[in-house]
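Reader: I am new to reading protein structures, and I would like a close look at one part. Could you take me through the sheets and show me what surrounds them?

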Amino acid sequence: MQLLDGKYVSEKIKKEIAVDAGKILATRGRKPHLVAVLVGHDGGSETYVASKMRNCEAVGFKSSLVRYEDDVTEEELLIKVAELNADEDIDGIIVQLPLPKHIDPEKVTEKIDHRKDVDGFHPINLGRMQRNLPSFIPATPYGITMMLKEYKIETSGKHCVVVGRSNIVGSPMSILMARNTYPGNCTVTVCHSRTPDIKKFTLDADILIVAIGKKNFITADMVKDGVVVIDVGMNRETSTLTKSGYKLWGDVDFEGVSQKSSWITPVPGGVGLMTIIGLLKNTLASANKEVYP
Ligand code: NAP
């Protein structure tokens, strides 16, 4: 078993991003600028946004945080997004999900100017991605493709099984793996909560990508020898054993599955770190007007 090491790959790519950000500063006198909008005080969201901000600073980006309490109205939020869309100093806008129940996440996502949608959630970006046109690719799937590239994992002709079909991970991931490009050219099966006997499919996977949010759901008896495993799951549990007071678990039982896999991502230290890289790369591409000249 070999590790798909998110720490190693993310640090390497961050250095490259920092060089590019330095060039933008030297030539244009400005830094790539990411704005995050955070509503409420959800523990997970606070952690993710803080990490995104920290990583922006680390690579020489400017980052700004716009905070609202849980009782912000949908209208107030949409007005703020419109303001950020119009601000020429801003390259990327993310609105951290989940949002409180009274706010429609679809409306907010669609309000973000697709040219600043560095999370890649806007229907225009998803549609363009599906057609293999330049687009912002959702950060987690994008990060996973960079990881597969770094380790030169062969994907062409392989059977890729994606468990989970969310708009932000499973669904775009399945599209990327089926595209006629590298990584891609897989035969893709998508499993979800209505799939009977998931094991029948996972047992046939050459590449298994799991994003469902269920601790240790995939066990050793569900995979074949030599499988490449990408574990997207981030299941937070309170713990007295860590300084932070919580521990992260993947959707894959690492101990058992790693006995059979050829390659596997750890949790933490795998996909989560690559997701940040996806976001930084999209923000850099936006600052360089690479996707929408
Ligand atoms: P989500 O929106 O809740 O979607 C979960 C998907 O899993 C749905 O498609 C659901 O099926 C499917 N599912 C749920 N239970 C299942 C079961 N027992 N068997 C088969 N399929 C099942 O989740 P998400 O946003 O994609 O996130 C998934 C996990 O990845 C979470 O742990 C999340 O924290 C983590 N995550 C990590 C990163 C990272 O950077 N590492 C980024 C994003 C998300 P239905 O569609 O039928 O309901």
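Author: Here is a walk through the strands, followed by some of the contacts around them.

This is a predicted model, in which local features need pLDDT of at least 70 and side-chain atom pairs count only at pLDDT 80 or more, while totals for chains, interfaces and linings use all residues. Residues are numbered from 1 along each chain as its sequence is written, and side-chain values use heavy atoms, with hydrogens and water left out.

Let us start with the sheet of six strands. This open sheet has the order E1-E11-E8-E7-E5-E6, and its pairing is parallel. Strands E1 and E6 (187-191) stand at the edges with a single partner strand each, so one side of each has no neighbour in the sheet. Two words need their rules here. Strands (E, at least two residues) and helices (H or I, at least four) are DSSP runs, numbered from the N terminus. Two strands pair if DSSP finds at least two bridges between them.

Now look at strand E7 (residues 207-210), which runs parallel to strand E5 (residues 159-163) and is joined to E5 by four bridges. You can find Val161 opposite Leu208 in E7, and Cys160 has Ile207 as its bridge partner in E7. Four bridges also join E7 to E8, again running parallel. There, Leu208 has Val229 in E8 as its bridge partner.

What about the two faces of E7? In a regular strand, side chains alternate between the two faces of the sheet. In E7, Ile207 and Ile209 lie on one side, Leu208 and Val210 lie on the other, and all are buried. Buried means under 20% relative accessible area, exposed means over 50%, and partly exposed is in between (1.4 Å probe, protein chains only).

The loops around E7 hold charged pairs. A salt bridge is a side-chain nitrogen of Lys or Arg within 4 Å of a carboxyl oxygen of Asp or Glu, and by this rule the count comes to 13. In one of them, the side chains of Lys224 and Asp206 meet at 2.8 Å, N to O. This pair links distant parts of the chain, 18 residues apart: Lys224 is in the loop between E7 and strand E8 (228-231), and Asp206 is in the loop between helix H8 (198-202) and E7. Lys224 is partly exposed, at 28% relative accessible area, and Asp206 is partly exposed too, at 23%.

Another salt bridge brings together the side chains of Lys215 and Glu237 (3.4 Å, N to O). Here Lys215 sits in the loop between E7 and E8, and Glu237 in strand E9 (residues 235-238), 22 residues apart. Lys215 counts as partly exposed at 37% relative accessibility, and Glu237 counts as partly exposed at 35%.

At the edge strand E1 (residues 2-3) you will find Leu3, which is partly exposed with a relative accessible area of 37%.

Next comes the sheet of three strands. This open sheet has the order E3-E2-E4, with parallel pairing. Its edge strands are E3 (62-68) and E4 (92-95), each of which pairs on one side only. Strand E2 (residues 33-39) pairs with E3 in the parallel sense over seven bridges, and Val39 stands opposite Tyr68 in E3.

Strand E3 also takes part in a salt bridge: the side chains of Lys62 and Asp89 meet at 2.9 Å, N to O. Asp89 lies in the loop between helix H3 (74-86) and E4, while Lys62 is in strand E3, so the pair ties together parts that are 27 residues apart in sequence. Asp89 is partly exposed, at 28% relative accessible area, and Lys62 is partly exposed as well, at 36%.

Finally, here is a residue in a loop. Pro138 lies between helix H5 (123-130) and helix H6 (139-150), and counts as buried at 0% relative accessibility. Leaving aside neighbours within four places in sequence, Pro138 is in contact with several residues, including Phe121, Leu126, Met129 and Ile168. Contact means heavy atoms within 4.5 Å. The C-alpha atoms of Pro138 and Asn167 are separated by 9.1 Å, although these residues are 29 residues apart along the chain.
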